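Visitor: I would like to go through this model and ask how each label is earned. Could you set the values beside the definitions for me?

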Amino acid sequence: MEINTQITAQPEYDIQFWNAMRSKKTREDVLDKCRDVSTGTYSMPNAAARKVMAAIEKESDFRKIATVIRAYKNGYKIFAKDCKDKAEFVAEGAAIPVYESAGDFNENTIESHKLASIVKLDEDFVSDAGFNIEKYLTEKLGKSFGRAEDEAFINGTGKEEPTGILNDENGADTALTAETLNYDAVIDLYFSVDKEYRKNGIWLMNDKTALTLRKLKDADGNYLWNPASDTILGKQVILSEFMPDIESGAKPIAFGDFSYYWIVGRKPVSVRTLLEKYVLYDQIGYLAFEFLDGKLVRKEAIKVIKMEETKE
């Protein structure tokens, strides 16, 4: 269903939506215009939707380094194309060169995966007119969606969820396989990435891996990690709990230009109440959905180290 954002921007829709969230009497003729029949949820008013997205962006490390695109007005599947652009100087009066670049395009199917979250709230708070239910819901949903997104953008299988950068088939290329994570292996990973992508390169790893890298030194006793700037070889380090530890068969470090990972929003966040499910606990549940996809559109832009698998 295509959502009319002009309706969700109207003050009357805002009033009726929050009346529904507080289980008050509502005008269904207003709400039904932005009701998703497949989920039974209502699109959040524009102001609240922006607050949810702001909360997601605050929680998500990946959204800070990826490319975020909104594609609300398309069907379930769309095709995203990425190509290497070219520029060159042209003499005054000379013909502008036209490149046969059809073969340069990387075509990616962008789907609409459904991410669900349930937030519970005591009925006493819901019925209290002084309680800021909008602030509560937007912050809680933002946090839960942001964490779930980051895990999928790293470890997602591509089946009913985004394709993560560590996916063996459609994720980042493996630069090298290492028996141990040492100084030379990290340097090899850095230079395995083409200079085009090293320019805006970022390291991604978890806390345990970062601790290991902080202790690595070269033959002259110089540390790999710069403690003054928290960088490696002058490049920023992002820590994520969803990156794996240094263990057999794992990919504990990724490096490259993460702007070639595209996060595509397909529908704004929508919500409905769950009244009967939690009534015995004097609570009201809120079921929310976000529709999105995520894909690495240029595999060579990010590369990873893979640890050798130990033989049992």
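Visitor: What makes K251 and D168 a salt bridge?

Guide: First, a word on the source: this is a predicted model, where local features need pLDDT of at least 70 and side-chain atom pairs count only at pLDDT 80 or more, while totals for chains, interfaces and linings use all residues. Residues are numbered from 1 along each chain as its sequence is written, and side-chain values use heavy atoms, with hydrogens and water left out. Now to your pair: a salt bridge needs a side-chain nitrogen of Lys or Arg within 4 Å of a carboxyl oxygen of Asp or Glu. The side chains of K251 and D168 meet at 2.7 Å, N to O, and the label applies. The two partners lie 83 residues apart, K251 in the loop between β11 and β12 and D168 in the loop between α7 and β7.

Visitor: Why is K251 called buried or exposed, and what about D168?

Guide: Buried means under 20% relative accessible area, exposed over 50%, and partly exposed in between, with a 1.4 Å probe and protein chains only. K251 has 8%, so K251 is buried. D168 has 63%, so D168 counts as exposed.

Visitor: Which salt bridge does K267 form?

Guide: K267 pairs with D36, the closest N and O atoms being 3.0 Å apart. K267 lies in strand β13 and D36 in strand β1 (residues 35–36), so the pair ties together parts that are 231 residues apart in sequence. Helices (H or I, at least four residues) and strands (E, at least two) are DSSP runs, numbered from the N terminus. K267 and D36 are both buried. The whole structure has 14 salt bridges.

Visitor: What makes K267 a charge over a ring?

Guide: The rule asks for NZ of Lys or CZ of Arg within 6 Å of the ring centre and within 35 degrees of the ring normal. The charged end of K267 sits over the ring of F291, 4.5 Å from its centre.

Visitor: Why is the pair of F62 and F258 called edge-to-face?

Guide: Rings of Phe, Tyr and Trp (its six-membered ring) pair if their centres lie within 6.5 Å; planes under 30 degrees apart count as stacked, over 60 as edge-to-face and the rest as tilted. For F62 and F258 the values are 5.8 Å centre to centre and 85° between the planes, which fits edge-to-face. F62 lies in helix α5 (residues 62–65) and F258 in the loop between β12 and β13 (261–274), so the pair ties together parts that are 196 residues apart in sequence. F62 and F258 are both buried.

Visitor: How do you know that Y190 and W203 are stacked?

Guide: Their ring centres are 6.2 Å apart and their planes are at 20°, so the pair is stacked. Y190 lies in helix α8 (residues 183–192) and W203 in strand β8, so this pair links parts 13 residues apart in sequence.

Visitor: How do you know that β12 and β15 pair?

Guide: Two strands pair if DSSP finds at least two bridges between them. Strands β12 (residues 253–256) and β15 (residues 302–307) have 4 bridges, in the antiparallel sense. A254 stands opposite V304 in β15. With β8, strand β12 also pairs in the antiparallel sense, over 3 bridges.

Visitor: Where do the side chains of β12 point?

Guide: I253 and F255 point one way, A254 and G256 the other, and all are buried. In a regular strand the side chains alternate between the two faces of the sheet.
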